[in-house]
Amino acid sequence: MILVTGATGRLGTQVVRVLRSIGLDVRCLVRKGSEYFWLNDTGAAYFFGDLRDQASVERAMNGVRHVIAAHGVRVERTGNDHRAVNAGGSATLFAAARSRGVEHVVYISCAAVEADDDVPALSSKRAAETALASSGLSYTVLRPGLFVQNFADLARRVETNGNVFLPGSPRTSVSPIHTRDLALMALASLELPALKNATVRVGGPESMTIQEAFSRMCQVNGLPAAHWPLPPSGLRALAAVARPLGRRWSNHARALAVLYSHSSAVDGASMATTFGIPLTPYDDAARTAFVERHQSEDPTAREEKVVHRQFTATIYEPGVIKWDDLPSGPPPRRD
Ligand SMILES: NC(=O)c1ccc[n+]([C@@H]2O[C@H](COP(=O)([O-])OP(=O)(O)OC[C@H]3O[C@@H](n4cnc5c(N)ncnc54)[C@H](OP(=O)(O)O)[C@@H]3O)[C@@H](O)[C@H]2O)c1
């Protein structure tokens, strides 16, 4: 049994689909309010819990041999912040894995943790890496740079608004990776001896500047690469302005300033050799990522899924059914 955290996220969804496509037993640790039902067709089991709830994490670990930890916090919410989830939640997860005799843990970190800064999104991930390395578990830490999907998000804004703010330093060197390739790397990390107790910077097959990644994303999808630059200094100024409103947006702007100015390029050929998988060329990944939204962003898929009465009531009309009334095992399958 492989426990996947962050299963509803952009990367986690791909991890679950990759594992299930080869028939592996998967248990997704999902929060009760999450839109986990998008994964119903995969046949993965759900375990309702929260990384901030130690008891639920320990119960989720029963019978688990491997863990792929793909959780994260994009924008902080009250109580669900970088420190609580990335640092605290990850430490809880690794301690539970250790006490249950888990064989190997793969943790998805971030290349920008290499930057010397005190941004909570990154310092909390550094703390998680340290907790894992000192846990006594067999582990692999993967540090991806930017996802191809990030550039697809920017291009979609060009499609909708005609222009977009391009964050960071345009000349920063990156190797954008498609989340499916990263999911395959996580799977390979469970078995490859060379990746045991290793921390590896990972990325896609081609290196380019942020400017080029954005321009090529727009070009292959028939859009003008129309943008206004939003350099790190601008992002830091925005963070300072947003600070009195609370740390949520301020921290987000600070994280973007580092993520989009940290050079995260890798040697694509060595990636393919290390993990034994062919990596998707950037232009192909750019085409796929542009059309393939996270399922929850697809209006047609949304229409089909949310008509399920049980989930409609629990997810979209909180209060009609209490969270505690949710089924404890896998929900009924519709697909
Ligand atoms: N995007 C990038 O370019 C990039 C680059 C490098 C590294 N990374 C790292 O890659 C990882 C995955 O990124 P992503 O874009 O797939 O993230 P994402 O879409 O924001 O997904 C985050 C996942 O974490 C889960 N989560 C959040 N708080 C939780 C909690 N308290 N308990 C249990 N689960 C919780 C979320 O569940 P809910 O559905 O309940 O919210 C969601 O499934 C992250 O660690 C990120 O930092 C991303």
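The protein chain holds 13 helices and eleven strands. The model is predicted. Of the chain's 335 residues, 47% count as buried. Long-range contacts carry much of the picture: among contacts with a separation of 6 or more, 77% join residues 24 or more positions apart.

Start with the sheet. Seven strands form an open sheet in the order 3-2-1-4-5-6-9, and the pairing is parallel. Strand 3 (45-48) and strand 9 (198-202) stand at the edges. Each has a single partner strand, so one side of each lacks a neighbour in the sheet. Direction ignored, neighbouring strands are turned by 20° against each other on average. Strands of a sheet pair through backbone hydrogen bonds, either parallel or antiparallel.

Now take strand 2, residues 26-30. Is strand 2 enclosed or left open by the rest of the structure? Five of its five residues are buried, so strand 2 is largely enclosed. Both of its faces are covered. On one side sit Val-26, Cys-28 and Val-30; on the other, Arg-27 and Leu-29. Note that Arg-27 is buried along with the rest. Strand 1 (residues 2-5) pairs with strand 2 in the parallel sense, over four bridges. In that pairing, Ile-2 stands opposite Val-26.

Move along the sheet to strand 5 (residues 104-108) and strand 6 (residues 139-144). These two also pair in the parallel sense over four bridges. Here Val-106 stands opposite Thr-140 of strand 6. Helix 6 (179-189) lies across this part of the sheet, spanning strand 4 (66-69), strand 5, strand 6 and strand 9. Helix 6 runs at about 160° to strand 6.

Between helix 6 and strand 9 comes a loop, and Asn-197 is found there. Is Asn-197 buried or exposed? Asn-197 has 12 other C-beta atoms within 10 Å. A residue counts as exposed at 12 or fewer, so Asn-197 is exposed. Sequence and space part ways at this residue. Asn-197 and Thr-140 are 57 residues apart in sequence, but 5.4 Å apart in space, C-alpha to C-alpha. Beyond its neighbours within four places in sequence, Asn-197 is in contact with Ser-138 and Tyr-139.

Next comes helix 5, residues 148-161. Helix 5 has 14 residues and reaches 20 Å from its first C-alpha to its last. That is close to the 20 Å expected at 1.5 Å a residue. Its buried residues are Val-148, Gln-149, Asn-150, Phe-151, Ala-152, Leu-154, Ala-155 and Val-158. What covers them? The cover includes helix 1 (10-21), strand 7 (164-167), helix 6, helix 7 (210-220) and helix 11 (282-291). Helix 6 thus appears twice: it helps cover helix 5, and it lies across strands of the sheet. Just after helix 5, Gly-162 takes a positive phi of about 85°.

Finish at the ligand. How many residues surround the ligand? There are 27, and the closest are Gly-6, Gly-9, Leu-11, Ser-34 and Gly-72. The elements that give two or more residues to this shell are helix 1 and helix 3 (82-99). Helix 1 gives the most, with three residues. By class, the shell has eleven nonpolar, eleven polar and five charged residues. Helix 1 links two parts of this account: it contributes to the ligand shell, and it is part of what covers helix 5.

Key
Residues numbered from 1 in each chain as written. Predicted model: local features only at pLDDT ≥ 70, side-chain atom pairs only at ≥ 80, totals over all residues. Expected span 1.5 Å × (residues − 1). Buried ≥ 20, exposed ≤ 12 C-beta atoms within 10 Å, placed from the backbone. Contact = placed C-beta atoms within 7 Å. Near = placed C-beta within 6 Å. Nonpolar A, V, L, I, M, F, W, Y, C, P; charged D, E, K, R; others polar. Pairing = 2+ DSSP bridges. Axes fitted to C-alpha atoms, helices over the stretch in contact; angles between N-to-C directions.
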